[in-house]
Amino acid sequence: MKRKFLFLGLISIFLLVLGSCGSKEESVRFEGEGDHWKALYLLNKGENTQNGQGSIIYKGKDKEKVGKVSYVVEGETSTLSGTDDETEGEINLNGSCSGCATQSSNAPFHVTIKWNGKEDKFDLTSK
């Protein structure tokens, strides 16, 4: 009888240790908008990895006349940037890393967008 309890106890401890070693994943939704642009960025992060996808969308009319757009999305641990010649009012964001420090859920992303001699700045905060 003691052996059964000892065996069950060892199995229970093993399962608890094994369960606590699993990777902790978190999904965070970041949103924000400025006067002319709005953005959404979905970030899936693990202990030393993160993968994000989202978009920046022009809020005004004549999206096809937006033309060349440069953008910087600066986070706590990484930066996404680029220049698109023909956006038609939408920029796709994709970022990932492995073996890296990850963005805190409480820290915002700072967005700067430049187009046609104009500039829009705003923050993406977690929702």
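At 58% relative accessibility, glutamate 88 counts as exposed, a label that takes over 50% relative accessible area, while buried means under 20% and partly exposed covers what lies in between, with a 1.4 Å probe and protein chains only. This residue is a good place to start our walk. Glutamate 88 belongs to the loop between β5 (79–84) and β6, where strands (E, at least two residues) and helices (H or I, at least four) are DSSP runs numbered from the N terminus. Although glutamate 88 is not a glycine, its phi is positive, at about 50°.

Before we go on, a word about what you are looking at. This is a predicted model, in which local features need pLDDT of at least 70 and side-chain atom pairs count only at pLDDT 80 or more, while totals for chains, interfaces and linings use all residues. Residues are numbered from 1 along each chain as its sequence is written, and side-chain values use heavy atoms, with hydrogens and water left out.

Another loop residue deserves a look. Aspartate 62 lies in the loop between β3 and β4, and its phi is positive too, at about 55°, although aspartate 62 is not a glycine. With a relative accessible area of 45%, aspartate 62 is partly exposed.

Now let us turn to the inside. The largest nonpolar core, meaning a set of buried Ala, Val, Leu, Ile, Met, Phe, Trp, Tyr and Cys residues joined through side-chain atoms within 4.5 Å, has 21 residues. Those with the most contacts inside this core are Trp37, Tyr41, Ile56, Val73, Leu93, Ile113 and Leu124. At least two core residues come from each of β1 (26–33), β2 (37–45), β3 (49–58), β4 (69–74), β6 (90–98), β7 (109–115) and β8 (118–126). Leucine 93 shows how such a residue meets others: setting aside residues up to four places away in sequence, its contacts (heavy atoms within 4.5 Å) include Tyr41, Ile56, Tyr71, Val73 and Leu80.

Strand β2 offers two more residues to visit, beginning with lysine 45. Is lysine 45 buried or exposed? Lysine 45 is buried, with a relative accessible area of 10%. Its side chain reaches the backbone oxygen of glutamine 103 at 2.5 Å. The same side chain also makes a polar contact with the side chain of serine 105, at 3.5 Å. A polar contact is a pair of N or O atoms within 3.5 Å; within protein, one must be able to donate a hydrogen and the other to accept it, and residues adjacent in sequence count only if both atoms are side-chain atoms. Lysine 45 also touches other residues, among them Glu25, Val28 and Thr102.

Asparagine 44 is found in strand β2 as well, and is partly exposed at 38% relative accessible area. A polar contact of 2.5 Å joins its side chain to that of serine 27. Beyond its neighbours within four places in sequence, asparagine 44 is in contact with Glu26, Ser27, Thr49, Gln50 and Asn51. The C-alpha atoms of asparagine 44 and threonine 102 are 9.8 Å apart, although 58 residues separate the two along the chain.

Our last stop is a covalent link. The count comes to one disulfide, that is, a pair of cysteine sulfur atoms within 2.5 Å. Cysteine 97 and cysteine 100 form this disulfide, with their sulfur atoms 1.8 Å apart. The torsion about their S-S bond is about 60°, so the disulfide is right-handed. Cysteine 97 is partly exposed at 27% relative accessibility, whereas cysteine 100 is buried at 17%.
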